[in-house]
Every structure is written in structure tokens, then in C-alpha cells.
Amino acid sequence: MKSLKKTRRIQVIAVAAVALAVSTALIGYALQDGINFFRSPSEITAEAPPETEVFRLGGLVSEGSLVRGQGETITFSVTDGGATVPVEYTGVLPDLFEENQGMIGTGRYINGVFQASEILAKHDETYVPREVIEALEAQGVYRNPTDAAGGGAATN
Amino acid sequence: MSLWEYANPKKFMQTSGWLLPIFAVSSAVMLTVGLVWGFFFTADDYRQGSTVKIIFLHVPAALMAINAWFMMLVTSLIWLIRRHHVSALAAKAAAPIGMVMTLIALVTGAVWGQPMWGTWWAWDPRLTSFLILFLFYLGYIAMWASVENPDTAADLTSVLCLVGSVFAVLSRYAVNFWNQGLHQGATFSVDRETNIHSSYYLPAYLCMAGFVALFIALVLLRTRTEIRKRRLQALLVRERLA
């Protein structure tokens, strides 16, 4: 670098910056599927993955679908607004796991049912004190942000 | 008066000498008030309970981890183009501070993720690019330490800094590029309405301002040390020649 003249140094840096930006964009675009953390129910129903493949499924837990069965087995379904996939899971759920909230599960898709081995809860970037929510609900002003945003909340 | 006057080490030492205590004191005040307010005088979140209070450490640390790299990028480019030694030394001085901020953000993030998401770590795009940024900090510091000639070291680390900026940008915007991740979107942003209640964002902004002031104070302090180290080296060389 030090042997070059100042204008040439600026040119070299500019070309390097553009090359970096373009290569990052190309790599990011090419690896989009690998970099995305989970797949949506629509993607799963459109093209069912093979039974042996372990992948992550993400979406909202459908309202009224959560059933705590015998023992520790839990069933519910996950939706993204378009498609809905039933899920079966045995284990302990995270605190934030609720109906109408986002979740991400790891597991296999077998005979139309997603057999999860791990469940993570997803939350959005909304932070409000509990007292404020209760006061707003008492006045009937508060709307659950996930209801208002529909399936979009899961992708925040 | 021009900005480039401060490229003169003498002028820089003078100005930074009286700026340093101002930033140090204001950072101490803002962090004490902000953290005490945040941890003890805010209500629990409607879904996350008191775990939400990690936000007062996690967000400012992550903010500074990324901004420190951008500061290093700017000073590195100034070094590459204008060859001001103070600029290169400022980049060198900022790296360990940025690395510690990155580590704080990673650790507090894990502590937050365990009860809320149900996992300490996930290979989510944002988390992964943040980890790579941390590794870039380590590499950057190692490169400064391993190259003997200071000018060559400054050149090489500047190029490394340019490459690493990819991950600094990704750490901040990965949520927007790949929307199917685990990490939620930005809570604080300058260009749109925030989703955070005012009782949280006031102490949070105070903590962020405190971290910014802390970073500036530490960078000034460490840059002054680096300049003095250079002077000492020059004196030693002169003595040996005499």
C-alpha cells in the first residue's frame, strides 16, 4: 500500500470494497436456504422433505391446537397463515411457548406429522410492563400484537 | 481549523487530555443511573418477566461491539489513504474494547436465550455472524501483535478490518436479509417507531449513551498509551544511536 500514490490507494480500496460487497451478496443469495434458520409450513407442504432429513420448522402455534397428551407427549399445529403442519413433541417446553406465539422445532417430517426432538420459543421485539398490559386490557384498548400482525409475527 | 489537525500527535494528546475525564465521568454517571434504574426500578415484562432486564446490558454491548468495528474501519481507511499514525493507533486501541463488548453481548445473549428461547446458542444468521465478528476481533488483535514493522502491521490490519466489516454489517442487518431466524428484529431504531414501552426505553437509552461514552473514554485512554509507547520506542532508538 505505501508504495502507491494516494489517488491509486483510494481506487484500490474502492474496488476492494465493491468486490467484497458483491461477493457477500452472491454468497448470501446462493446459501439462502442454508443460512435461513428454519422452514415455514408452506414450504414443507409444498415439497415434503424425506423422512430421514432432520430440519427446523418455524411458525405460529395455531390457536386451540395445543393438546397435552398422556405422559409428556404434546401435540399442536404450526401455521404461517398459508399452510398448517401438525407437530408431536415429547419433552419440556420453554416458558414462552404458548398458542398464537412463534416457535421453532427441530425434527423429522414423517407421514404428514412433524416429530420434533427440540422446541424453541421465538419472541418478538415488543417489551411492555405487565401492569401496562393489564391496564390496557381492562380498558379494552389492547390488542395482542400477534393477532394484529397475523402470520407475520413469526418472521420478525 | 480542520479535522486533520488532530492527526498531529501533540495536538491529539492535548485535546484528548481534557476530553478524557469528561467522557469518563459522564459514562460512570450514566451507567450507574441507567443500570440501577433498569435493574431495580422497572416493572417485569408481560411475557418475559424480569428476564427482560438483560436488555439493559445486552443491547448497549451489542451496539458498541458493532459500532467499534465501524470506528476501526473509518480510522483504518484514514490510515490507508492519508497515512496518519494517530488514526492507525486509534484503530489498534479500539480492538480489545470492541472484543470485550462482543463477548459481553454473546454471554448476556446466551443467558437471555436459555430461559426465553430454550437454548443457550443456535446457529441463527444473526448469532452466527456475531460469533464470526468476535473471531475477527481476535484475528485483528493477533495480527497487530504478530507483525514486527508497525507500518506494515497497520496496513495488513486495515485490510483485515475492511473484510471483517462484512460481518459487522451482517450482525446488524442479518435479521432483515434472512427473515427466517430465531433472533427477533431490532427494538431500537432511529427511523421507525419502537415497540418498547417508555418505562424501558428511558433507562435503556441512558445505558446506551453510557456505553458510548465508556467506549470513547477507553479508546482515548488506550490511544494515548499507544502514542506514548511509540514515543518511548523512538527515544530508545535515538539513545542507542547516540
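This report looks at the domains of chain A and at the interface between chain B and chain A in a predicted model.

## Domains of chain A

Let's start with chain A by itself. The domain assignment splits chain A into domain 1, covering 1-35, and domain 2, covering 37-143. Taken over C-alpha atoms, the centres of domain 1 and domain 2 of chain A lie 40 Å apart.

## Where the chains meet

Now for the interface. On one side, 47 residues of chain B make contact, and they meet 44 residues of chain A. Together, chain B and chain A bury about 4100 Å², and carbon and sulfur atoms account for 58% of that area. If you want particular residues to look at, try Tyr46(B), Arg47(B) and Gln180(B): these provide 22% of the area that chain B buries against chain A, more than any other three residues.

## Polar links across the interface

How many salt bridges does the rule find across the interface of chain B and chain A? The number is zero. Polar contacts do occur, with nine residue pairs counted between chain B and chain A, both residues being at pLDDT 80 or more.

## The chain B side

Four helices of chain B each give two or more residues to the side that touches chain A: H2 (55-82), H3 (85-116), H5 (150-177) and H6 (198-241). Which element gives the most to this side of chain B? That is H5(B), with six residues.

Sorted by class, the side of chain B that touches chain A holds 22 nonpolar residues, 16 polar ones and nine charged ones.

Notes. Residues are numbered from 1 along each chain as its sequence is written. Chains are lettered from A and ligands numbered from 1 in the order in which they are written. This is a predicted model: local features need pLDDT of at least 70, side-chain atom pairs count only at pLDDT 80 or more; totals for chains, interfaces and linings use all residues. Side-chain values use heavy atoms; hydrogens and water are left out. Domain bounds come from an automatic or database domain assignment. Contact means heavy atoms within 4.5 Å. Buried area is the accessible area (1.4 Å probe) that two parts lose on being put together, summed over both. A salt bridge is a side-chain nitrogen of Lys or Arg within 4 Å of a carboxyl oxygen of Asp or Glu. A polar contact is a pair of N or O atoms within 3.5 Å; within protein, one must be able to donate a hydrogen and the other to accept it, and residues adjacent in sequence count only if both atoms are side-chain atoms. Ala, Val, Leu, Ile, Met, Phe, Trp, Tyr, Cys and Pro count as nonpolar, Asp, Glu, Lys and Arg as charged, and the others, Gly among them, as polar.
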